[in-house]
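Here are my comments on the structure, set out as numbered points. Please read them with the coordinates open beside the text.

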Amino acid sequence: MPATVVRVDLLHPEPEIMAEAANRLRRGELVVFPTETVYGLGADALNADAVQRIYEAKGRPAWNPVISHVADTAAAAALTRHWTEQAQRLAEAFWPGPLTMVLQRAHHIPDISTAGLNAIAVRVPRHPVALALLRAFGGAVAAPSANRFTQVSPTSAAHVVSALGDRVEYILDGGDCDVGIESTVVDLTGNTPTILRPGMISAAQLSAVLGQTIAHGEAVAEPARALSPGTAQRHYAPRADVWLLNADNVQEIRDALRLRAESPPGAGPVTAILQSALLQDAPGVNTVVRMPDSAELYARALYRELHTADATGTAILVIEVPPDTDEWKAIRDRLMRASR
Ligand code: TXA
Ligand code: MG
């Protein structure tokens, strides 16, 4: 059965639509909803069978835990064993918003919602439809990004329909996501707050609020192969081959594109996603996408361009790598993963 897609008014999310979605969650169904980062594939976080269905729909491995979304800080605290002072300060500064905090979990959380870990990831999103749904539901909604495992996260309802349209019941369409890449995940279970996945809330911003240095770590590792969820190979990856372009390899990439352009046709189109004139007049480029100069606008546009490349059968994506500074860190992280 194809999913029902319901357009929701952003300023005044319709109470009857929110009630319908909340009832579906209570019945153990999957409901896709917009957040300010990316769309989430939601289920009742306290219903182990419902959470199991998330893993099946995504094809997500069981070792990779999901984030629990709630409407406010008090509800987040209730999912943890100790609500720490650090967590309180970060919540006051960044919630509702694109920050996920990892803390010791409360005993009533089913194992599957944390992939058996003693810690739980919690987030209060700021998208008005997400907040309205969470309020109507009244509990915690477990939600990973609403894409198949290893594919690019969705930033519009259309992206969700093409990836999961036959695997979920109900999709709330809240338009395009305005942050555009996944939340910053910060682990507060140790002595030093540690970023497990960079996002648009930077280490410098967290550090300014907490008054201490922030470490960078790796997300939960896959047992046996020691890959981590955020870092799994081909995570966030489009179907095209991704070639990362910088000032050092521009000649190499021009040469490779020229060779390709001279070889027999049939190899599929090339799209270049660029910020500068580095590749100007390069042979063999079929489409040029000029990206914004600001990191905020770039992040908003990135996954849309990757989805478009997938939808149009792009064979090679040449992507210019933005500067190596704090504000571009999360974007560079996603580009590195897309290119693996
Ligand atoms: O922006 C976002 O965070 C989106 C929206 C829907 O909220 N969600 C999202 O979920 O990106 P997902 O499942 O694609 O990524 C969740 C990340 C993974 O890297 C996962 O390993 C980490 O959070 N995570 C979840 N629970 C954790 C835990 N208990 N301990 C450590 N890391 C955890
Ligand atoms: Mg994801």
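1. Thr 150 is partly exposed, because its relative accessible area of 24% falls between the limits of 20% and 50%. Its place is in the loop between S7 and helix H6 (157–164), and its phi is near 80 degrees, a positive value in a residue other than glycine. The model is a predicted one, and this backbone value should be read with that in mind. Most residues other than glycine have a negative phi, and most peptide bonds are trans.

2. A second non-glycine residue with a positive phi is Asp 281, where the angle is about 65 degrees. Asp 281 sits in the loop that links strand S13 (270–274) to strand S14 (287–290), and with a relative accessibility of 72% it counts as exposed.

3. The peptide bond that leads from Trp 95 to Pro 96 is cis, with omega near -5 degrees, and Pro 96 belongs to the loop between H4 and S5.

4. The open sheet has 11 strands in the order S1-S8-S2-S3-S7-S4-S6-S5-S9-S10-S11, and its pairing is mixed. Strand S1 (4–7) and strand S11 (215–216) stand at the edges with a single partner strand each, so one side of each is left without a neighbour in the sheet. At the S11 edge, strand S10 (residues 194–197) runs parallel to S11 and is joined to it by 2 bridges, with Ile 195 standing opposite His 216 of S11.

5. Helix H4 (residues 85–94) packs on this sheet, where it touches strand S5 (99–104) and strand S9 (184–187), and the direction of H4 makes about 165 degrees with that of S5. Within helix H4 lies Gln 86, which is buried with a relative accessible area of 19%. When residues up to four places away in sequence are left aside, Gln 86 touches Leu 188, Pro 193, Leu 210 and Gln 212.

6. At the other edge, S1 and S8 pair in the parallel sense over 4 bridges, and Val 5 has Ile 171 of S8 as its bridge partner. S2 also runs parallel to S8, to which it is joined by 2 bridges, and here the bridge partner of Val 32 in S8 is again Ile 171. Tyr 170 and Leu 172 point one way from S8, while Ile 171 and Asp 173 point the other way, and all are buried. In a regular strand the side chains alternate between the two faces of the sheet.

7. Which residues of H5 are buried? Helix H5 (residues 128–137) is mostly covered, with 7 of its 10 residues buried, and these are Val 129, Ala 130, Leu 131, Ala 132, Leu 133, Leu 134 and Phe 137. Their cover includes helix H1 (15–26), together with strands S2 (31–33), S3 (40–44), S4 (67–69), S7 (141–142) and S8 (170–173). Just after H5, Gly 138 takes a positive phi of about 85 degrees.

8. The axes of H1 and H5 come within 8 Å and cross at roughly 60 degrees, and the two helices are therefore oblique to each other. The crossing in which H1 passes H5 is right-handed. From H1, the residues Met 18, Ala 21, Ala 22, Leu 25 and Arg 26 meet Val 129, Ala 132, Leu 133, Ala 136 and Phe 137 of H5, and by class this contact has 9 nonpolar, no polar and 1 charged residues.

9. Is Glu 29 buried or exposed? Glu 29, found in the loop between H1 and S2, is buried, with a relative accessible area of 15%. Its contacts, not counting residues up to four places away in sequence, are Arg 24, Gly 42, Ala 43, Arg 53 and Glu 169.

10. Helix H9 (residues 295–311) and helix H10 (residues 329–338) pack at an angle of about 30 degrees, with their axes 10 Å apart, and that angle makes H9 roughly parallel to H10. Their crossing is left-handed. The contact is made by Ala 295, Tyr 298, Ala 299, Leu 302 and Tyr 303 on the H9 side, and by Ile 331, Arg 334 and Leu 335 on the H10 side; these residues divide into 7 nonpolar, no polar and 1 charged.

Notes. Residues are numbered from 1 along each chain as its sequence is written. Chains are lettered from A and ligands numbered from 1 in the order in which they are written. This is a predicted model: local features need pLDDT of at least 70, side-chain atom pairs count only at pLDDT 80 or more; totals for chains, interfaces and linings use all residues. Side-chain values use heavy atoms; hydrogens and water are left out. Axes are lines fitted to C-alpha atoms, for helices over the stretch in contact, and angles run from 0 to 180 degrees between N-to-C directions. Angles under 35 degrees count as roughly parallel, over 145 as roughly antiparallel, 65 to 115 as roughly perpendicular and the rest as oblique. A crossing is left-handed if the near helix is turned anticlockwise from the far one by less than a right angle, and right-handed if clockwise. Contact means heavy atoms within 4.5 Å. Ala, Val, Leu, Ile, Met, Phe, Trp, Tyr, Cys and Pro count as nonpolar, Asp, Glu, Lys and Arg as charged, and the others, Gly among them, as polar. Two strands pair if DSSP finds at least two bridges between them. Buried means under 20% relative accessible area, exposed over 50%, partly exposed in between (1.4 Å probe, protein chains only).
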